[in-house]
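Colleague: I've got this one open next to my bench notes. Can you walk me through it?

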Amino acid sequence: MRTTARSALYTVMERAARKAGRGLARDFGEVENLQVSVKSPSDFVSTADLGAEKTIRAELERARPTFSFLMEEGGKIVGKDPDSVWIVDPLDGTTNFLHSIPHFAISMALVQKGDLIAGMIYNPVADEMYWAEKGRGAFLNDRRLRVSGRRDMGEALIGTGIPFRGRGDHPHYLKLLEATMGHVAGIRRAGAAALDLAYVAAGRLDGFFEIGLNKWDIAAGILLIKEAGGFVGDLDGDSDPMETGNIVAGNARLYEPLGKLLRAAGGSGK
Ligand code: IPD
Ligand code: CA
Ligand code: CA
């Protein structure tokens, strides 16, 4: 029996996430075979990605026909209600998916009049459903989430995203890594920013930083962390990470010192 009451909004998002998640999990099972039998597994993965986005859009639109969309693949779709926007990444962790690493997720959020109202991050392989609604807390399946209680940077496990071919300022990123790695218990690059943020909300990671993310990578995760008692901000200080994509997050104790270390090393580098 469920211990937490679910809203109508949750039900709508869950249906979309589970349906698209079933498709992704099935396609993921094919990837290993495809790597030997098909010339371009990346084409297969982009088909899976587009398929998931189509499913999510259809489900959300059926339940909330007037709402607008901002989707990684489809871009902006303005509906009758431009103030209610679904922000969707149908497959976060594409490179993991392509390499048969079962660490990827669907991420979706609802923004109304500029406010983050709801967020959901679903890892279909682990069947982990992370979700949050503004003012109602954050959850992993039925369990209420709290960020970690670690106070000591020396014990902290920090997630990050390393820029790769064609993306980001590599020498600058190395400065951020150099500034942080000597102070912490470990740094992880797991390959799915949405899951990294969900892990901060769940207290698995104590903090996270990355430069150059998009709204669909971070919208749901930001709400999850805030509702789990953590902090999220822009790498340089005052701006909104939803606008800049340069994000730092952490538990209540480590958010400030982590931000300080990163800013002293040049922040976003912009
Ligand atoms: C990527 C992942 C990755 C992050 C990249 C993102 P995608 O999203 O979240 O962890 O480092 O910057 O673009 O392409 O797999 O949806
Ligand atoms: Ca992504
Ligand atoms: Ca994606």
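**Metals, strands and a cavity**

Modeller: Let's start with the metals, bearing in mind that this is a predicted model. The calcium ion (ligand 3) and the calcium ion (ligand 2) lie 3.8 Å apart, and the residue bridging them is Asp89.

Colleague: Which residues coordinate the calcium ion (ligand 2)?

Modeller: The distances run from 2.1 to 2.3 Å, and each contact is through an OD atom. Along the chain the donor residues follow D-x2-D-x124-D. That gives Asp89, Asp92 and Asp217.

Colleague: How many residues apart in sequence are the parts that Asp92 and Asp217 tie together?

Modeller: Asp92 sits in strand 3 (residues 81-92), while Asp217 belongs to helix 6 (residues 215-227). Both Asp92 and Asp217 are buried. Because the pair comes from those two elements, it ties together parts that are 125 residues apart in sequence.

Colleague: And which protein donors does the calcium ion (ligand 3) have?

Modeller: Here the spacing along the chain reads E-x16-D-x1-L. Asp89 and Leu91 are both buried. Lying 2.2 to 2.4 Å from the ion, the donors are Glu72 (OE), Asp89 (OD) and Leu91 (O).

Colleague: On to the strands. Are the residues on the two faces of strand 13 buried or exposed?

Modeller: Strand 13 covers residues 247-250, with Ile247 and Ala249 on one side and Val248 and Gly250 on the other. To count as buried, a residue needs under 20% relative accessible area. Both faces are covered, and all of these residues are buried.

Colleague: What is the bridge partner of Phe208 in strand 13, and what is that of Val232?

Modeller: Strand 11 (residues 207-210) pairs with strand 13 in the antiparallel sense, over 4 bridges. Strand 12 (residues 231-234) also pairs with strand 13 in the antiparallel sense, again over 4 bridges. For Phe208 the partner in strand 13 is Ala249, and for Val232 the partner is Ala249.

Colleague: Now the inside. Which elements give two or more residues to the lining of the largest cavity?

Modeller: Searching the whole structure turns up 1 cavity of 30 Å³ or more, and the largest has a volume of about 40 Å³. Its lining is made of Leu9, Tyr10, Met13, Ala118, Gly119, Met120, Trp131, Ala132 and Glu133. The elements giving two or more of the lining residues are helix 1, strand 5 (115-123) and strand 6 (128-133).

Colleague: How do the lining residues of the largest cavity divide into nonpolar, polar and charged?

Modeller: Among the residues lining it are Leu9, Gly119 and Glu133. By class, Leu counts as nonpolar, Gly as polar and Glu as charged. The whole lining comes to 7 nonpolar, 1 polar and 1 charged.

Colleague: Which element has the lowest mean pLDDT?

Modeller: The protein chain averages a pLDDT of 95, and 97% of the residues score at least 70. At the top among its elements is helix 5 (residues 193-201), with a mean of 99. The lowest mean, 89, belongs to helix 1 (residues 8-37).

Colleague: Last one: why does Asn33 count as partly exposed?

Modeller: Asn33 lies in helix 1, and its C-alpha is 44 Å in space from that of Asp236, with the two positions 203 residues apart in sequence terms. Partly exposed is the class between under 20% and over 50%. Asn33 falls there because its relative accessibility is 48%.

Notes:
Residues are numbered from 1 along each chain as its sequence is written. Chains are lettered from A and ligands numbered from 1 in the order in which they are written. This is a predicted model: local features need pLDDT of at least 70, side-chain atom pairs count only at pLDDT 80 or more; totals for chains, interfaces and linings use all residues. Side-chain values use heavy atoms; hydrogens and water are left out. Buried means under 20% relative accessible area, exposed over 50%, partly exposed in between (1.4 Å probe, protein chains only). Two strands pair if DSSP finds at least two bridges between them. pLDDT is the predictor's confidence in each residue, from 0 to 100. On a 1 Å grid over the protein atoms alone, a cavity is a set of points where a 1.4 Å probe fits but cannot get out, and a pocket is an open set with protein on both sides within 12 Å along at least five of seven lines; lining residues have an atom within 4 Å of a point. Grid points are joined across faces, edges and corners, and a volume is the space filled by probe spheres set on the points. Donors are N, O and S atoms within 2.8 Å of the metal (3.2 Å for Na, K and Ca); water is not among the atoms, so sites may look incomplete.
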